[in-house]
Amino acid sequence: MTQHMSWIEAIVLGIVQGLTEFLPVSSSAHLRITSALFFDADAGASFTAVTQLGTEAAVLIYFARDIWRITRAWCVGLFRPSARADLDYRMGWYVIIGSIPIGVIGLLYKDEIRSGARNLWLVSTMLIVFSFVIAFAEYWGRQERDLSRFTLRDGLGMGLAQAMALVPGVSRSGGTLSAGLFLGLTREAAARYSFLLAIPAVVMSGIFSLEDVFSPAGEGLVPSPAQMVVATAIAFAVGYAAIAWLLRYVVQHTLYVFVLYRVALGSVLLALLTTGQLAAH
């Protein structure tokens with residue numbers, strides 16, 4: 001039986017998506033948890049993917065100059081070998097190559113990602129376990145290099161880390177930021193590349209999920225087209241503000257506050273699951 005989404009669910013989940021997409025706390029986990037705790041349902045992986053189009057639109061606008069500069073340099077470099085020493089040309093390739101892992105793994109394990117991976121036992125466990133990865137990265141990361149010293153190895157490493165975020169609870173930004181710190185990048189450099197790296201994967205995922213999100217046979221709640229538009233627009237507005245805040249924050253602060261938050265949230269979730277107050281599916 002098809003379960004339709006209410007307007008309050010669409011609005012709340014749009015806000016949650018915008019607030020959590022760029023923080024290392026896992027937006028997919030928060031959408032899953034919010035749906036289960038307050039609406040006794042699962043909004044579904046397709047709804048998550050489509051609302052991410054809103055937050056990625058925020059990235060496109062916020063980094064429009066950088067994206068245009070990189071795209072232009074990449075196109076020029078394809079036909080003019082002398083331009084290939086430009087960092088922007090190489091950054092274009094780093095984003096393309098770094099996006100391959102999540103694209104391949106996402107296609108291979110699409111069904112598992114939309115079903116078994118959304119189990120709240122797994123979500124809560126990953127929130128806690130990956131917290132220690134972020135903490136170790138913050139503690140051991142040397143933070144010696146900015147984007148001017150970014151390499152293909154950095155792009156591949158952060159691309160592989162991004163692929164881990166297909167499991168709710170890991171966090172795409174948490175994975176890429178941690179990988180960047182382990183590789184010796186500054187937090188700001190890792191965050192900026194993380195934003196750029198997300199664009200191809202998230203946009204393609206959202207586009208491919210458009211049909212599924214409105215399908216009564218699909219997983220999760222079924223929103224109306226109007227609800228989907230409103231939720232995505234809210235995610236865009238809130239996400240734009242979150243980008244500016246996070247970039248300022250990582251320059252002067254560590255990621256430990258997010259580690260503590262993830263452990264606390266995961267622990268509460270495990271307690272609710274253990275006592276039977278919350279269903280895992």
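Is F22 buried or exposed? At 1% relative accessibility, F22 counts as buried, a value that, like every other one in this report, comes from a predicted model.

**F22 and the aromatic cluster**

F22 is found in the loop between α1 (7-20) and α2 (27-39). Its C-alpha atom is separated by 6.7 Å from that of I243, although the two residues are 221 residues apart along the chain. F22 also belongs to a cluster in which ring pairs link F22, Y62, F63, F195, F236 and Y240.

The structure holds 12 aromatic pairs. One of them, formed by Y62 and F63, is edge-to-face, with 5.2 Å from centre to centre and 65 degrees between the planes. The two partners differ in their burial class: Y62 has 31% relative accessibility and counts as partly exposed, whereas F63, with a relative accessible area of 2%, is buried. Because the planes of W74 and W93 stand at 65 degrees, with the ring centres 5.4 Å apart, that pair is edge-to-face as well. The W74 and W93 pair links distant parts of the chain, since W74 lies in helix α4 (residues 64-79) and W93 in helix α5 (residues 87-108), 19 residues apart. Both of these tryptophans fall in the partly exposed class, W74 with a relative accessible area of 22% and W93 at 31% relative accessibility.

**Helix α3**

Y62 is also the last residue of helix α3, which covers residues 45-62. With 18 residues, α3 reaches 26 Å from its first C-alpha to its last, close to the 26 Å that is expected at 1.5 Å a residue. Helix α3 is mostly covered, in that 13 of its 18 residues are buried.

**Helix packing around α7**

Two packed helices are described by the angle between their axes and the distance between the axes. The table lists three such pairs.

| Helix pair | Axis distance | Crossing angle |
|---|---|---|
| α7 and α12 | within 8 Å | roughly 160 degrees |
| α2 and α7 | within 11 Å | roughly 130 degrees |
| α8 and α9 | 8 Å | about 150 degrees |

Helix α7 (residues 120-140) and helix α12 (residues 256-274) cross at roughly 160 degrees, which makes α7 roughly antiparallel to α12. Seen as a crossing, α7 passes α12 in a left-handed sense. The contact of α7 with α12 is made up, by class, of 17 nonpolar, 6 polar and 2 charged residues.

Helix α7 has a further partner in α2, and here the axes come within 11 Å and cross at roughly 130 degrees; α2 and α7 are therefore oblique to each other. The crossing in which α2 passes α7 is left-handed. A contact between residues of these parts of the chain can be given as well: the C-alpha atoms of A29 and S124 are separated by 8.3 Å, while the residues are 95 residues apart along the chain. A29 is found in helix α2 and is buried, with a relative accessible area of 0%.

**Loops with positive phi, and the α8 and α9 pair**

Beyond α7 the chain runs through a loop to α8 (152-164), and in this loop lies Q143. Phi of Q143 is near 50 degrees, a positive value in a residue other than glycine. At 26% relative accessibility, Q143 counts as partly exposed.

A second residue with a positive phi is S171, whose place is in the loop between α8 and α9 (172-182). Its phi is near 90 degrees, and S171, too, is a residue other than glycine. With a relative accessible area of 2%, S171 is buried.

The two helices on either side of the loop that holds S171 pack against each other at an angle of about 150 degrees, with their axes 8 Å apart. Helices α8 and α9 are therefore roughly antiparallel to each other, given that angles over 145 degrees count as such. In this pair the crossing is right-handed, as α8 passes α9, whereas α7 passes α12 in a left-handed crossing.

How values were computed. Residues are numbered from 1 along each chain as its sequence is written. This is a predicted model: local features need pLDDT of at least 70, side-chain atom pairs count only at pLDDT 80 or more; totals for chains, interfaces and linings use all residues. Side-chain values use heavy atoms; hydrogens and water are left out. Axes are lines fitted to C-alpha atoms, for helices over the stretch in contact, and angles run from 0 to 180 degrees between N-to-C directions. Helices (H or I, at least four residues) and strands (E, at least two) are DSSP runs, numbered from the N terminus. Angles under 35 degrees count as roughly parallel, over 145 as roughly antiparallel, 65 to 115 as roughly perpendicular and the rest as oblique. A crossing is left-handed if the near helix is turned anticlockwise from the far one by less than a right angle, and right-handed if clockwise. Ala, Val, Leu, Ile, Met, Phe, Trp, Tyr, Cys and Pro count as nonpolar, Asp, Glu, Lys and Arg as charged, and the others, Gly among them, as polar. The expected span of a helix is 1.5 Å times one less than its number of residues. Buried means under 20% relative accessible area, exposed over 50%, partly exposed in between (1.4 Å probe, protein chains only). Rings of Phe, Tyr and Trp (its six-membered ring) pair if their centres lie within 6.5 Å; planes under 30 degrees apart count as stacked, over 60 as edge-to-face and the rest as tilted.
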